[in-house]
Each structure stands twice: as structure tokens, then as C-alpha cells.
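The following exercises concern a predicted model. Each task is followed by a solution in steps.

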Amino acid sequence: MCRTIQPEEQIMLNEFKDFIAKGSVMDLAVGIIIGAAFTAIVSSLVNDLIQPLIGLIIGGIDFSGLSFGLGDAQFMYGNFITATINFLIIAFVVFMLVKAVNRVKSIADKPDDIAPEVHTGPSELDILIEIRDALAKRP
């Protein structure tokens, strides 16, 4: 059995529809979707390229196995170290990408109306002064 929508509910539904249709909400949704896809790319960059390089530099140490026990509790601080290193690498990669995008954006935003000044010849006043001076020299 269907019930009728009350006027207060209709107003709230219309407000919600207006909120969802705003550009900022749609931009946010697109940003989240792109961010999720970007996470896969950055994770692959970190796990498949950067972590092996770091492993070569520090002698292949795997931090994920580092832990200590206290009673029945096992503290896996190696996983925390690995997660921290991953965060720092991802933060640096994102920083470099944002910096590159901002550089491209600033180049694109430069005004095109700044042109070198071109000498177009004597001004109207210069010509009138020349005529005056030429007339003054006539007998």
C-alpha cells in the first residue's frame, strides 16, 4: 500500500535533489572516483618500482616481519614502519604531481594581452608641433 507524500517531505526531497544536482557535489563524486583509480596507480608505483629500489639501497630489509611480543599480544611495528614509508612516498608523489599541475596551470593562466610595445610612429601631438614649428619658420 502506497502512502502519499506530505508537503513537508516533498520540500525536503526537493531540497535534497537540488543539493545533489549542484556542481560541487558532482565535482566531489568525480574526484572520489578518480582518486580511487589514482590510488591503484600510486600503489603500483610504490609497491612495484619504489619499494624494490629502497630494498636495494637498504639491503633488502623487510620491515613487515619486525615485531615483539608482550604476553599474548604481538606488536607488529614493522607493518607500521612499512605503512609510514608508503605514506611518505605516496605523499611525495602526490606533491610532485600537484606541483606539476600548478606549474602547467600558471603557464596557461598567464595573460596573453601583454605584448611588447611597438612604436607606431609620431603621435598626433608630435605632428601638430612639427606643423606649428614649420609655419613659424616661414617668412
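**Exercise 1.** Determine how much area domain 1 and domain 2 bury between them, and on which atoms.

*Solution.* Step 1: Domain 1 and domain 2 together bury about 690 Å². Step 2: Of this area, 80% falls on carbon and sulfur atoms. Step 3: The side of domain 1 that touches domain 2 is then sorted by class, giving 7 nonpolar residues, 3 polar residues and no charged residues.

**Exercise 2.** State how many salt bridges and how many residue pairs in polar contact are found across the interface of domain 1 and domain 2.

*Solution.* Step 1: Applying the rule for salt bridges, with its cut-off of 4 Å, gives 0 across this interface. Step 2: The search for residue pairs in polar contact, both at pLDDT 80 or more, likewise returns 0.

**Exercise 3.** Give the bounds of the domains and the distance between their C-alpha centres.

*Solution.* Step 1: The domain assignment places domain 1 at residues 7–60 and domain 2 at residues 62–110. Step 2: The C-alpha centres of domain 1 and domain 2 are 17 Å apart. Step 3: The contact draws 10 residues from domain 1 and 10 residues from domain 2.

**Exercise 4.** Identify the residues that the UniProt annotation "transmembrane region" covers, and describe their secondary structure.

*Solution.* Step 1: The annotation, from an unreviewed UniProt entry, covers residues 28–46 and 77–98. Step 2: Residues 28–46 are 100% helix and 0% strand, with end C-alpha atoms 26 Å apart. Step 3: Residues 77–98 are also 100% helix and 0% strand, and their end C-alpha atoms lie 31 Å apart.

Key:
Residues numbered from 1 in each chain as written. Predicted model: local features only at pLDDT ≥ 70, side-chain atom pairs only at ≥ 80, totals over all residues. Heavy atoms only, no water. Domains from an automatic or database assignment. Contact = heavy atoms within 4.5 Å. Buried area = accessible area lost by both parts, 1.4 Å probe. Salt bridge = Lys/Arg side-chain N within 4 Å of Asp/Glu carboxyl O. Polar contact = N/O pair within 3.5 Å; in protein donor to acceptor, adjacent residues only side chain to side chain. Nonpolar A, V, L, I, M, F, W, Y, C, P; charged D, E, K, R; others polar. UniProt positions renumbered as here; feature names shortened; annotations may be inferred. Helix = DSSP H or I, 4+ residues; strand = E, 2+ residues; numbered from the N terminus.
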